[in-house]
Amino acid sequence: MSAPDIRSGGFAWPPVVTVYSHDQAREAAAAALRHGTGLTLLSADSAADAVGVGWMATLGRLIREEFPTLTVYTILDCGAAGGRAMAALRAEIDAIVFTGGEKSTLALADQADDLGKGLLPERPESLDFLTLPDDPERCNIAISEWFELTP
């Protein structure tokens, strides 16, 4: 069986969750398993400059090791940082969000295509862990609802 083509516009990402820590990613992975879906981990807005490329690559690797039966994708938001975006494409990251200029986007698109990576012009809709309720029960309900509503 071949890997899905995440470069195509028709690729449907599994439920996308914006996470800020390993614990949040672990919680999202457990929820994905409970709901029988895959998981897409999305970084914070323009996180490539703040946390670096290695952080997202490591987070994805750790979650894949901890949840070996779960299909996990990672997307790093690079904002308009072309150099970080190029580095992210060469790392163990499945896709990037890049909002820079047209010339940079075209160069990155060629690189992404060559490497079989996704290049997104905007952040996909996601469940953002920063917006979840503080109450653990309400938080769990919100997470479950996201996984139930997201194809």
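**Figure 1. Strand E1 and its pairing with strand E6 in the predicted model**. Strand E1 (residues 16–18) runs parallel to E6, and two bridges join them. Strands are DSSP runs of E of at least two residues, helices are runs of H or I of at least four, and both are numbered from the N terminus. Two strands count as paired if DSSP finds at least two bridges between them. Within E6, Asp 128 is the bridge partner of Thr 18. Helix H6 (residues 136–149) packs on the sheet and touches E1, E2 and E6, and its direction makes about 150 degrees with that of E1. Such angles run from 0 to 180 degrees between N-to-C directions, with axes fitted as lines to C-alpha atoms, for helices over the stretch in contact. This is a predicted model in which local features need pLDDT of at least 70 and side-chain atom pairs count only at pLDDT 80 or more, while totals for chains, interfaces and linings use all residues. Residues are numbered from 1 along each chain as its sequence is written, and side-chain values use heavy atoms, with hydrogens and water left out.

**Figure 2. The open sheet and its edges**. Six strands in parallel pairing form an open sheet in the order E5-E4-E3-E2-E1-E6. Strand E5 (118–120) and strand E6 (127–128) are at the edges with a single partner strand each, so one side of each has no neighbour in the sheet. Inside the sheet, E1 and E2 pair in the parallel sense over three bridges. The bridge partner of Thr 18 in E2 is Leu 42. Both faces of E2 are covered, with Leu 39 and Leu 41 buried on one side and Thr 40 and Leu 42 buried on the other. Buried means under 20% relative accessible area, exposed means over 50%, and partly exposed is in between (1.4 Å probe, protein chains only).

**Figure 3. Helix H1 across E1 and E2**. Helix H1 (residues 22–35) lies across E1 and strand E2 (39–42), and runs at about 160 degrees to E2. H1 has 14 residues and spans 20 Å from its first C-alpha to its last, close to the 20 Å expected at 1.5 Å a residue. That expected span is 1.5 Å times one less than the number of residues. The buried residues here include Gln 24, Ala 25, Ala 28, Ala 29, Ala 31 and Ala 32. They are on the same side of H1, because they cover an arc of only 160 degrees around the axis. The arc is that of the directions from the helix axis to the C-beta atoms. E1, E2, helix H3 (53–66) and H6 are among the elements that cover these buried residues. Asp 23 and Arg 34, on the other side of H1, are exposed. Gly 36, just after H1, takes a positive phi of about 70 degrees.

**Figure 4. Thr 74 in strand E3 and its surroundings**. Thr 74 belongs to strand E3 (residues 72–77) and is buried, with a relative accessible area of 0%. Leaving out residues up to four places away in sequence, Thr 74 touches Leu 41, Met 56, Gly 60, Arg 64, Glu 92, Ile 93, Asp 94 and Ala 95. Contact means heavy atoms within 4.5 Å. Gly 60, one of these residues, lies in helix H3 and counts as buried at 0% relative accessibility. The C-alpha atoms of Gly 60 and Ile 93 are 7.6 Å apart, while the two residues are 33 residues apart along the chain.

**Figure 5. Helix H5 and its two sides**. Helix H5 (residues 102–115) has 14 residues and reaches 20 Å from its first C-alpha to its last, close to the 20 Å expected at 1.5 Å a residue. Leu 108, Gln 111 and Ala 112 are the buried residues of H5. They are on the same side of the helix, because they cover an arc of only 100 degrees around the axis. These buried residues pack against helix H4 (82–90) and E5. On the other side of H5, the exposed residues are Glu 102, Lys 103, Leu 106, Asp 110 and Asp 114. Gly 116 follows H5 and has a positive phi, near 70 degrees.
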